[in-house]
Amino acid sequence: MNIDHITDITIHFNDPEWILEHITIGLQASSDDDTIKRPCDLDGIEQYLFLKGKLSDTSYSVKLTPDLLSHAGIDECRAWEKAMENLCADTQITSLTKLLSDMSGIPLEAPAEPDISLHVITNSEKYKGAATILNRKALRSFAREHHTNMLFVLPSSVHEMMLSPFAEKATADELSAIVREVNETQVAPEERLTDRAYILCL
């Protein structure tokens, strides 16, 4: 990104309306960095505030600090509230079978009785969309559609998570092994969350 593009972004940093329009939530492995963040109910993962936008065809993100919010005159509680609102307005849940089919251009059919039915939850840009797992309304709706109130959650990367209706055929330990293998072989270290799966009760 050249200096002109950086200026295009930072010129808005004192504009509270622009910030509230572009603010959202990201997830990262627990850290000690100096950003606005708070615990997540998934052990080992924390949520943080960032600004998300696009310049030309490039997505960008800027983590928010207390100073940036203070200079813009935005209360931190208001920032979290608006970020969650923006996140919930941009949540998508798609079956893994459909996602792979769309990517390959080849129609695929899900197994008639899979041990586990995987779905991807992310945002429309599939960019830092793992935090959409915080959209409990969307999760409860998904769970109702699958006649359950429990979900397996597999952290795929900072960009998305995998969901599955709870099934006794699978265990959290088995799914955690899958997460570890995927992290080690397919996910860049800076984009990893944790090496374990979770069970959410809704």
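**Overview. Seven helices and nine strands make up the protein chain.** This is a predicted model, so treat each view below as a look at a prediction. Of the chain's 202 residues, 42% count as buried. Take the contacts between residues at least 6 apart in sequence: 65% of them join residues at least 24 apart.

**View A. Helix H7 turns one face inward.** H7 runs over residues 172–186, which makes 15 residues. From first C-alpha to last it reaches 20 Å, close to the 21 Å expected at 1.5 Å a residue. Look for Leu175, Ser176, Val179 and Asn183, the buried residues of this helix. Down the axis of H7 they fall within an arc of 105 degrees, so they line one face of the helix. Flip to the other side of H7 and you meet Asp173, Glu181, Glu184 and Thr185, which are exposed. Part of the cover over the buried residues of H7 comes from strand E7 (150–157).

**View B. Helix H6 has a buried face as well.** In H6 (residues 136–145), the buried set is Arg136, Ala138, Leu139, Phe142 and Ala143. Seen down the axis of H6, these fall within an arc of 155 degrees, so they too line one face of their helix. Lys137, Arg144 and Glu145 sit on the other side of H6 and are exposed. What do the buried residues of H6 pack against? The list is all strands: E5 (92–95), E6 (119–122), E7, E8 (160–165) and E9. Just past the helix, have a look at His147: it follows H6 and has a positive phi, near 55 degrees.

**View C. Strands E7 and E9 pair up.** The two strands run antiparallel to one another and share four bridges. One spot to zoom in on is Phe152, which stands opposite Ile199 in E9. E9 itself (residues 198–201) has two faces: Tyr198 and Leu200 are on the covered one, while Ile199 and Cys201 are on the uncovered one. That pattern fits a general rule: in a regular strand the side chains alternate between the two faces of the sheet. E7 also turns up in the two helix views, as part of what covers the buried residues of H7 and as one of the strands that the buried residues of H6 pack against.

**View D. Glu46 is an acidic residue tucked inside.** You'll find Glu46 in strand E3 (residues 45–55). Is Glu46 buried or exposed? Its relative accessible area is 8%, so Glu46 is buried. Two side-chain partners are worth picking out: Gln28, joined to Glu46 by a polar contact of 2.7 Å, and Ser31, joined to Glu46 by one of 2.6 Å. Beyond four places in sequence, the residues Glu46 touches include Gly26, Leu27, Ala29, Ser30, Asp33, Lys37, Arg38 and Cys40.

**View E. The largest nonpolar core, and another one apart from it.** The largest core has 40 residues. Leu27, Leu42, Leu49, Ile133 and Met161 are the ones with the most contacts inside it. Pick Leu27 as a way in: setting aside neighbours within four places in sequence, its contacts include Cys40, Ile45, Tyr48, Ala130, Ile133, Leu134, Val158, Met161 and Leu193. Glu46 from View D is among the contacts of Leu27 too. Apart from this core lies another, of eight residues, among them Leu154, Met162, Leu175 and Val179. Leu175 and Val179 are familiar from View A, where they are among the buried residues of H7.

Terms used:
Residues are numbered from 1 along each chain as its sequence is written. This is a predicted model: local features need pLDDT of at least 70, side-chain atom pairs count only at pLDDT 80 or more; totals for chains, interfaces and linings use all residues. Side-chain values use heavy atoms; hydrogens and water are left out. The expected span of a helix is 1.5 Å times one less than its number of residues. Buried means under 20% relative accessible area, exposed over 50%, partly exposed in between (1.4 Å probe, protein chains only). The arc is that of the directions from the helix axis to the C-beta atoms. Contact means heavy atoms within 4.5 Å. A polar contact is a pair of N or O atoms within 3.5 Å; within protein, one must be able to donate a hydrogen and the other to accept it, and residues adjacent in sequence count only if both atoms are side-chain atoms. Two strands pair if DSSP finds at least two bridges between them. A nonpolar core is a set of buried Ala, Val, Leu, Ile, Met, Phe, Trp, Tyr and Cys residues joined through side-chain atoms within 4.5 Å.
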